[in-house]
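Me: Could you take a close look at the charged side chains here and walk me through how they pair up? A bit of context on the whole fold first would help.

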Amino acid sequence: MEYMRITSIHDPLFVKMHELMKEVFPPEEVLEFELWKEPLEDSGIRVFAAVHEGDVVGATEYRYYPQWNIAMTDFTIIGRQGLSLGRFLARNRSKDLDELARQNGKELFGMFAEIYDPYGIEDHEFGGAKPMNPFVRREVLSHMGYKKLDFPYLHPSWKNDGEAVKGLDFCFMPADEETTEIPAELVINFLTEYYSVLSAKPQDWYTMIGQLKEKEYISLLPL
């Protein structure tokens, strides 16, 4: 199996990856094909496919933010069972991020991720891919060290239609397992930067950010 970076919408692997995304994610979570052009060409956005016998069987997108020394996992797709894809993607992603942090003269502080709340989306089948089941994924990510940030979370729809997307928790995996809280300012700055590409944001999102500004730290809770 190969871990191959995708940097263009004209890459045949991207066509396969985008189809896989549409199979496993709800429509509001999938950016339109043509809108991927600039993100893929952005050196700071890292999109990798797990390629097995010529097919894209999994994928992951993530980013490293040197100014905060943190990463964000945008998504991870496990499209086929029995290939240890979760471990393959996680290990290769970790190696890449550790190297990026090393080049920044630091050790990675941690990584954000949006994690589905299985009790809020029980009817979503993720294209029938059993490893993508939100109950399974939540437990796997908990084992990896992700913890829930203690605030009610929502994000603007990637359709850029001003709708709020709920049913997820915003989580953080600290490099130091003893970390029990992180600065609220870090969360605010990150979310503001991350969703700056979307011009249409719901009022509920601005309300959430306003509530976070009233906090100094945000606790990390078990998933």
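Reply: Starting from the outside, the protein shows about 11,500 Å² of accessible surface, and carbon and sulfur atoms hold 47% of that. Those areas are Shrake-Rupley values with a 1.4 Å probe, and for residues only the protein chains shown count as cover. Bear in mind that this is a predicted model: local features need pLDDT of at least 70, side-chain atom pairs count only at pLDDT 80 or more, and totals for chains, interfaces and linings use all residues. Numbering runs from 1 along each chain as its sequence is written, and side-chain values use heavy atoms, with hydrogens and water left out.

Of the 223 residues, 48% count as buried, meaning under 20% relative accessible area, while exposed is over 50% and partly exposed sits in between (1.4 Å probe, protein chains only). The radius of gyration is 17 Å, which agrees with the value near 17 Å for a compact globule of 223 residues; it's taken over C-alpha atoms, and the globule rule is 2.2 Å times the number of residues to the power 0.38. Along the principal axes, the C-alpha atoms fill a box of roughly 50 × 40 × 35 Å. There are six helices and eleven strands, which are DSSP runs numbered from the N terminus (helices are H or I, at least four residues; strands are E, at least two). Among contacts (heavy atoms within 4.5 Å) with a separation of 6 or more, 69% join residues 24 or more positions apart.

Now for the charges. The protein carries 23 positive and 38 negative side chains, and the centres of the two sets are 3 Å apart. Lys and Arg are the positive ones, Asp and Glu the negative ones, and His and the chain ends are not counted. Each charge is placed at NZ of Lys, CZ of Arg, CG of Asp or CD of Glu.

Side chains of opposite charge can pair when their charged atoms come close. Here that gives eight salt bridges, each being a side-chain nitrogen of Lys or Arg within 4 Å of a carboxyl oxygen of Asp or Glu.

One of them is local: Lys37 and Glu41 meet at 3.1 Å, N to O. Both sit in helix H2 (residues 37-41), four residues apart, or about one turn of the helix. Lys37 is partly exposed at 39% relative accessible area, and Glu41 is partly exposed too, at 48%.

Arg46 and Asp96 also pair up, with their closest N and O atoms 2.5 Å apart. This pair links distant parts of the chain, tying strand S2 (residues 45-52), home of Arg46, to helix H3 (residues 85-103), home of Asp96, across 50 residues. Arg46 counts as buried, since its relative accessibility is 14%; Asp96 is buried at 16%.

Next, Lys148 and Asp169 form a salt bridge at 3.8 Å, N to O. Lys148 belongs to strand S6 (residues 147-149) and Asp169 to strand S9 (residues 168-174), so this pair too links distant parts of the chain, 21 residues apart. Asp169 is buried at 9%, whereas Lys148 is partly exposed at 26%. Elsewhere, Glu61, Arg63 and Asp74 are joined into one network by salt bridges that share partners.

For an example outside that set, take His155 in strand S7 (residues 155-156). His155 is buried, at 0% relative accessibility. Beyond its neighbours within four places in sequence, His155 has contacts including Glu29, Glu114, Glu163, Tyr195 and Trp205.
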